[in-house]
Amino acid sequence: MTDLKSMLPEELCEYMVSKGYPSFRGKQVYEWITKGVTDFSEMVNLPKSMREDLALECTLSCAKIVRKLVSKIDGTIKYLLEFEDGERVETVFMRYKHGNSVCVSTQVGCRMGCRFCASTIGGLVRGLKASEILEQILVCRRDTGEDVSNIVLMGIGEPLDNYENVLKFLRLVNDERGVGIGMRHISLSTCGLVDKIDKLKEEKLGITLSVSLHAPSDEIRKQIMPIANKWGIDELLESCKRYSNATSRRISYEYAMISGVNDSKECAELLAKRLKGTLAHVNLIPVNSVTETGYKKSDANTVKNFCDILEKNGIAATVRRKLGSDINASCGQLRRGEQKA
Ligand code: SAH
């Protein structure tokens with residue numbers, strides 16, 4: 001089946017021409033896709049026979065909402081979505097003062113193996129197509145009737161391990177003839193694939209790069225993130241420096257605080273030393289406990305002290321405000337729970 005939702009307008013026009021239709025039909029299909037239709041029969045300005053032909057050969061890669069959890073505290077919505085082949089991912093819709101933000105998944109499962117993370121426990125099933133990442137935004141718009149102004153690629157999966165599809169998604173969602181979300185309103189989070197960070201830098205996209213650092217030394221990082229065996233922290237931070245030099249963008253470092261593992265005063269001091277003089281912002285997140293991992297989150301005092309040490313040393317740091325805490329909004333635990341059930 002031809003995946004129409006992964007196509008930019010010019011590709012859709014080309015496709016329609018290849019099928020013997022006039023090029024402008026491609027633009028019409030693109031408009032319907034942007035509106036979020038789920039069936040070719042809804043594309044009412046196309047002749048009926050054309051809609052029927054398209055339905056036979058093409059797919060709109062739509063997702064079904066399998067479960068929907070709504071936070072009573074802040075209205076955050078977590079969706080468990082199912083794609084055409086029955087594979088499932090999670091998508092989170094968050095309301096902020098500055099607009100609505102959607103956290104999208106980029107893969108079904110993950111092969112990075114971070115020890116504290118629920119998404120990686122069953123390994124990688126497959127990468128999502130560009131259309132399936134875009135569909136997560138469209139589902140949120142359809143279901144809530146609200147607009148989306150920000151996107152974070154922080155759901156299930158390692159975006160840079162699905163590089164081509166993720167890049168295509170970024171180009172699609174940014175296209176002003178379509179959904180039109182500015183690159184400055186998009187953040188991509190990676191566990192630190194150095195070769196891909198260097199590649200991404202060349203695309204000159206203007207998105208924010210978030211790097212899941214989680215430790216100030218190779219010794220600790222290796223205990224919790226297998227990727228640290230491939231690239232050392234020095235190599236990673238060098239690539240981040242190259243990225244921010246090339247794009248003039250500040251790097252956002254994620255730091256999940258795990259009690260007794262990476263939350264000591266010494267860790268904070270070493271982290272400050274490593275980041276000194278770089279364009280950086282550190283997000284401290286008390287780790288979410290995942291039944292299988294056995295890790296516990298640092299207590300509030302420890303987190304605050306850690307944050308103070310970074311700031312005293314001139315490193316911008318914030319303790320992440322958590323939305324949807326009553327619906328377990330983070331971490332791939334919903335997909336995982338449903339698999340076991
Ligand atoms: N693979 C990408 C993006 C997905 S995870 C990455 O590693 O960055 C999004 C963020 O959630 C990452 O910073 C990840 O390390 C973090 N995370 C995963 N499990 C967590 C947990 N149990 N508690 C807190 N943060 C977690």
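A polar side-chain atom of H214 lies 2.6 Å from an oxygen atom of the ligand, in a model that is predicted. Two further polar contacts with the ligand involve the protein backbone: a backbone N or O atom of G157 is placed 3.0 Å from a nitrogen atom of the ligand, and a polar backbone atom of N288 is found 2.9 Å from a ligand nitrogen atom. The surroundings of the ligand comprise 17 residues, among which F116, S189, S212, H214 and N288 come nearest. H214 and N288 thus appear both in this nearest group and in the polar contacts described above, H214 through its side chain and N288 through its backbone.

Apart from the ligand site, the internal space of the protein was examined. Rolling a probe the size of a water molecule over the atoms shows where empty space is left. A search of the whole structure returned one cavity of 30 Å³ or more, and the largest cavity holds about 70 Å³ of space. The lining of the largest cavity is formed by L4, K5, M7, Y30, I33, T34, L134, L138, L172, G178 and V179. By class, eight of the lining residues are nonpolar, two are polar and one is charged. Two helices, α2 (24-35) and α4 (130-144), each contribute at least two residues to this lining, and the largest share, three residues, is supplied by α2.

The helix α4, one of the two contributors just named, was considered further. With 15 residues at 1.5 Å a residue, α4 should span 21 Å, and the separation of 22 Å between its end C-alpha atoms agrees with that expectation. The helix is mostly covered, since 13 of the 15 residues of α4 are buried. Immediately after α4 comes G145, for which phi is positive, near 70 degrees.

Positive phi values were also found outside glycine. Most residues other than glycine have a negative phi, and most peptide bonds are trans. Against this background, S61, although not a glycine, has a positive phi of about 45 degrees, and K204, likewise a residue other than glycine, has a positive phi near 45 degrees. Both residues are located in loops: S61 lies between β2 (58-59) and β3 (64-70), whereas K204 lies between α6 (194-203) and β11 (208-212). Their surroundings nevertheless contrast, because S61 has a relative accessibility of 2% and counts as buried, while K204, with a relative accessible area of 56%, is exposed.

Two other loop positions were examined. N162 is placed in the loop between β9 (150-153) and α5 (163-174), and with a relative accessible area of 8% this residue falls under the 20% limit and is therefore buried. The side chain of N162 reaches the backbone oxygen of T106 at a distance of 2.9 Å. R111, by contrast, is situated in the loop between β7 (107-109) and β8 (124-127), and its relative accessibility of 56% is over the 50% limit, so that R111 counts as exposed. Although R111 and I121 are 10 residues apart in sequence, their C-alpha atoms are separated by 8.5 Å in space.

Definitions and conventions:
Residues numbered from 1 in each chain as written. Predicted model: local features only at pLDDT ≥ 70, side-chain atom pairs only at ≥ 80, totals over all residues. Heavy atoms only, no water. 1 Å grid on protein atoms, 1.4 Å probe; cavity = no way out; pocket = protein on both sides within 12 Å on 5 of 7 lines; lining within 4 Å. Points joined across faces, edges and corners; volume = space filled by probe spheres on them. Helix = DSSP H or I, 4+ residues; strand = E, 2+ residues; numbered from the N terminus. Nonpolar A, V, L, I, M, F, W, Y, C, P; charged D, E, K, R; others polar. Expected span 1.5 Å × (residues − 1). Buried < 20%, exposed > 50% of the residue type's maximum accessible area, 1.4 Å probe, protein only. Near = heavy atom within 4 Å. Polar contact = N/O pair within 3.5 Å; in protein donor to acceptor, adjacent residues only side chain to side chain.
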